[in-house]
Amino acid sequence: SYIARNSLFQGSPLFAWLISGLNAYPINRENPDRKTLTQIIQFLLSGHGVVYFPEGTRSRDGNLGPFKKGIGVVALRTGFPVIPACVSGTREAMPVGARGVQQGQVTVKFGLPVDFSGLYEKGFTLEGYEEAAARVRDAVLRLQAKLLSYGF
């Protein structure tokens, strides 16, 4: 399952049906509500994995943007591991605004679980959630540097 911006569910009924069938959960990326985060947490607690896009949008310039705190909320509230992933080549395969997918190579590199030690002791605070999101972002940046060193 994965998290998708809520506007994807409001456009084409066919596309909304398709992504719903792929176990997508809608989220307001500008202001995630407690209900949505609770649904994600319940889904994880029931033994399922979730793909989360913590930037909230695709990059327009290829640089990794800031991560939203929602990934920190989910990580700290569940205590489950967060496996960082860096995806390379998607900007060329489907640029922002493109009507379809272009031919190209997409590479995914997974890292080790992110270490959140020291954050649980702070309790469930905005500062802790933001720090958790920053740690996930740092892990993705390290993966991105590895992919670049391999020529991807």
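1. Helices and strands are DSSP runs, numbered from the N terminus; a helix is H or I with at least four residues, and a strand is E with at least two. With that in hand, place V82: V82 sits in the loop between α3 and β3 (85-88). Keep in mind that this is a predicted model.

2. Stay with V82. Is V82 buried or exposed? Buried means under 20% relative accessible area. V82 has a relative accessible area of 12%, so V82 is buried. Which residues does V82 touch? Leaving out residues up to four places away in sequence, V82 touches A75, L112, P113, V114, F116 and V136. One more pair is worth checking on screen. V82 and A132 stand 50 residues apart in sequence, yet their C-alpha atoms are 10 Å apart in space.

3. Now turn to helix α2. Helix α2 covers residues 34-45, which makes twelve residues. From its first C-alpha to its last, α2 reaches 16 Å. That is close to the 16 Å expected at 1.5 Å a residue.

4. Which residues of α2 are buried? They are T36, L37, I40, I41, F43 and L44. Why do they line one face of the helix? Look down the axis of α2: the buried residues fall within an arc of 160°, so they line one face. What covers these buried residues includes β1 (2-5), β2 (24-27) and α3 (70-78).

5. The other side of α2 has R34 and K35, and both are exposed. Take K35, which lies in helix α2. K35 counts as exposed because its relative accessibility is 61%, and the cut-off for exposed is over 50%. K35 and R137 are 102 residues apart along the chain, and 24 Å separates their C-alpha atoms.

6. Look at what follows α2. The helix is followed by G47, and the phi of G47 is positive, near 100°.

7. T78 ties in with α2. T78 is found in helix α3. At 15% relative accessibility, T78 counts as buried. T78 touches I41 and L44, not counting residues up to four places away in sequence. Both I41 and L44 are among the buried residues of α2. T78 and L44 are 34 residues apart along the chain, and their C-alpha atoms are separated by 7.8 Å.

8. Next comes helix α5, residues 126-149. How many residues does α5 have? It has 24 residues. The helix reaches 35 Å from its first C-alpha to its last, close to the 34 Å expected at 1.5 Å a residue. Its buried residues are G128, Y129, A132, A133, V136, A139, V140, L143 and L147. What covers them includes α3, β3 and β4 (107-110). Note V136 in that list of buried residues: V82 touches V136. After α5 comes G151, with a positive phi near 90°.

9. How many salt bridges does a search of the whole structure find? The search finds two. Side chains of opposite charge can pair when their charged atoms come close.

10. One salt bridge joins the side chains of R135 and E131, at 3.1 Å, N to O. Both residues lie in helix α5, four residues apart, which is about one turn of the helix. R135 is partly exposed, with a relative accessible area of 21%. E131 also counts as partly exposed, at 30% relative accessibility.

11. The side chains of E127 and K122 meet in a salt bridge too, at 3.4 Å, N to O. E127 counts as exposed, at 53% relative accessibility. K122 is partly exposed, with a relative accessible area of 43%.

12. Check the rings. How many aromatic pairs does the structure hold? The structure holds zero. A charged side chain does meet a ring, though: R77 lies over the face of F124, at 4.0 Å from the ring centre.

13. Last, a backbone point. N23 lies in the loop between α1 (13-21) and β2. Its phi is near 65°, a positive value in a residue other than glycine. N23 counts as partly exposed, at 43% relative accessibility.

Conventions
Residues numbered from 1 in each chain as written. Predicted model: local features only at pLDDT ≥ 70, side-chain atom pairs only at ≥ 80, totals over all residues. Heavy atoms only, no water. Phe/Tyr/Trp six-rings, centres within 6.5 Å; stacked < 30°, edge-to-face > 60°. Lys NZ or Arg CZ within 6 Å of the ring centre and 35° of its normal. Expected span 1.5 Å × (residues − 1). Buried < 20%, exposed > 50% of the residue type's maximum accessible area, 1.4 Å probe, protein only. Arc of directions from axis to C-beta. Contact = heavy atoms within 4.5 Å. Salt bridge = Lys/Arg side-chain N within 4 Å of Asp/Glu carboxyl O.
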